[in-house]
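Biologist: Please take me through this one. Start wherever you like.

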Amino acid sequence: MEELHSETQQTEPEPAPKIIGLTGGIGSGKTTVARFIEEFGFPVYYSDDRAKAIVNESEDLKIKIKELLGEDAYDGNGLYDRKFVADKVFNNRDLLQQLNEIIHPAVKIDFENWLKKQSKYLVFKETALLFELKLNRQCYKSLLVTAEDNIRIKRVMDRDNKTYREVEAVMEKQMPERDKIKMADCIIYNNTNLEELKEETEKVIFNIE
């Protein structure tokens, strides 16, 4: 008995985009690098911005956050009060972890929905807590934007009108740069000017294999 062979050829599915985790501490220039990456034609998912939006969009999250932090977590207009929340969790690691456990699963789902719409071979997921939350394990590679501490402090002082000690206090709460550098697959050093930063960004991202 002769075998029957189908003559219809199945088309190969498009390969899934490779996710590059993009991170950097306060004053590193992470957001500037993300904008350059978009200029070079690659999509960037801004986890921190989406988190800020989702806490206002999701009624389920609003209920959970109010249960954790109290009604004052949202202002009179029903909007997330970032200053109140930041003050509440700044020196309370357990409370911060509980808040992250509410917000980050929602951001994860939002990212997965965004990812389905992408067609580039590389996509970038910008997040401040890439290594702290071990999100780098879900990425093809990690990309760290870093700079010398004194440069980062001066940038934030100029940008946010904060004192040296205020910026230093925030940095002390973040994972040390030396630890991030050890963990990162790719590193962009942002110690000079925007022109050199853009050139370095282009060189690094187009060398990702």
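**Going through the model**

Modeller: Lys134 is partly exposed, with a relative accessibility of 43%. Keep in mind that this is a predicted model.

Biologist: Where is Lys134 found?

Modeller: Lys134 sits in the loop that runs between S3 and strand S4 (141-146).

Biologist: What is the phi of Lys134?

Modeller: About 60°, so a positive value in a residue that is not a glycine. Most residues other than glycine have a negative phi.

Biologist: And Asn161, what is phi there?

Modeller: Near 55°, again positive and again not a glycine. Asn161 is in the loop between H6 and H7.

Biologist: Is Asn161 buried or exposed?

Modeller: Exposed, because its relative accessible area of 70% is over the 50% limit.

Biologist: Change of topic. How is the protein divided into domains?

Modeller: Domain 1 covers 18-43 + 122-208, and domain 2 covers 48-117. Their centres, taken over C-alpha atoms, are separated by 23 Å. On the contact itself, domain 1 contributes 15 residues and domain 2 contributes nine.

Biologist: How much area is buried between domain 1 and domain 2?

Modeller: About 920 Å², with 67% of that coming from carbon and sulfur atoms.

Biologist: Which residues of domain 1 lose the most area to domain 2?

Modeller: Lys125, Leu133 and Lys173, which together account for 39% of what the domain 1 side buries.

Biologist: How many salt bridges does the rule find across that interface?

Modeller: One salt bridge is found across the interface of domain 1 and domain 2.

Biologist: What about Asp48, what does it form a salt bridge with?

Modeller: With Lys30, and the closest N and O atoms of the two are 3.5 Å apart.

Biologist: How many residue pairs are in polar contact between domain 1 and domain 2?

Modeller: Three, counting pairs with both residues at pLDDT 80 or more. As for where the domain 1 side comes from, strand S3 (122-126) and helix H7 (164-173) each supply at least two of the residues that touch domain 2. S3 has the largest share there, with four residues. By class, that side of domain 1 has nine nonpolar residues, four charged and two polar.

Biologist: Back to salt bridges. How many does the structure hold?

Modeller: The structure holds 19 salt bridges.

Biologist: Which residues are linked in a network?

Modeller: Asp149, Arg152, Glu177 and Lys180 are linked by salt bridges into a network.

Biologist: Take Arg152 and Asp149. Where do they lie?

Modeller: Both are in helix H6 (residues 149-160), three residues apart, which is about one turn of the helix. The closest N and O atoms of their salt bridge are 3.3 Å apart.

Biologist: Is Arg152 buried or exposed?

Modeller: Buried, because its relative accessibility is 2% and the limit for buried is under 20%. Its partner Asp149 is partly exposed, at 43% relative accessible area.

Biologist: And Glu177 with Lys180, what is the distance between the closest N and O atoms?

Modeller: 3.7 Å in that salt bridge. Glu177 and Lys180 are both in helix H8, three residues apart, about one turn of the helix. H8 spans residues 177-183.

Biologist: Is Glu177 buried or exposed?

Modeller: Glu177 is buried, with 11% relative accessible area. Lys180 is buried too, at 1%.

Biologist: What is Lys180 in contact with, leaving aside its neighbours within four places in sequence?

Modeller: Gly24, Gly25, Phe131, Glu132, Leu144 and Met175.

Biologist: Now Glu71. Is it buried or exposed?

Modeller: Glu71 is exposed, with a relative accessible area of 57%. Its side chain meets that of Lys66 in a salt bridge, at 3.8 Å from N to O.

Biologist: What is the relative accessibility of Lys66?

Modeller: Lys66 is at 28%, and counts as partly exposed because that value falls between the 20% and 50% limits.

Definitions and conventions: Residues numbered from 1 in each chain as written. Heavy atoms only, no water. Domains from an automatic or database assignment. Contact = heavy atoms within 4.5 Å. Buried area = accessible area lost by both parts, 1.4 Å probe. Salt bridge = Lys/Arg side-chain N within 4 Å of Asp/Glu carboxyl O. Polar contact = N/O pair within 3.5 Å; in protein donor to acceptor, adjacent residues only side chain to side chain. Nonpolar A, V, L, I, M, F, W, Y, C, P; charged D, E, K, R; others polar. Buried < 20%, exposed > 50% of the residue type's maximum accessible area, 1.4 Å probe, protein only.
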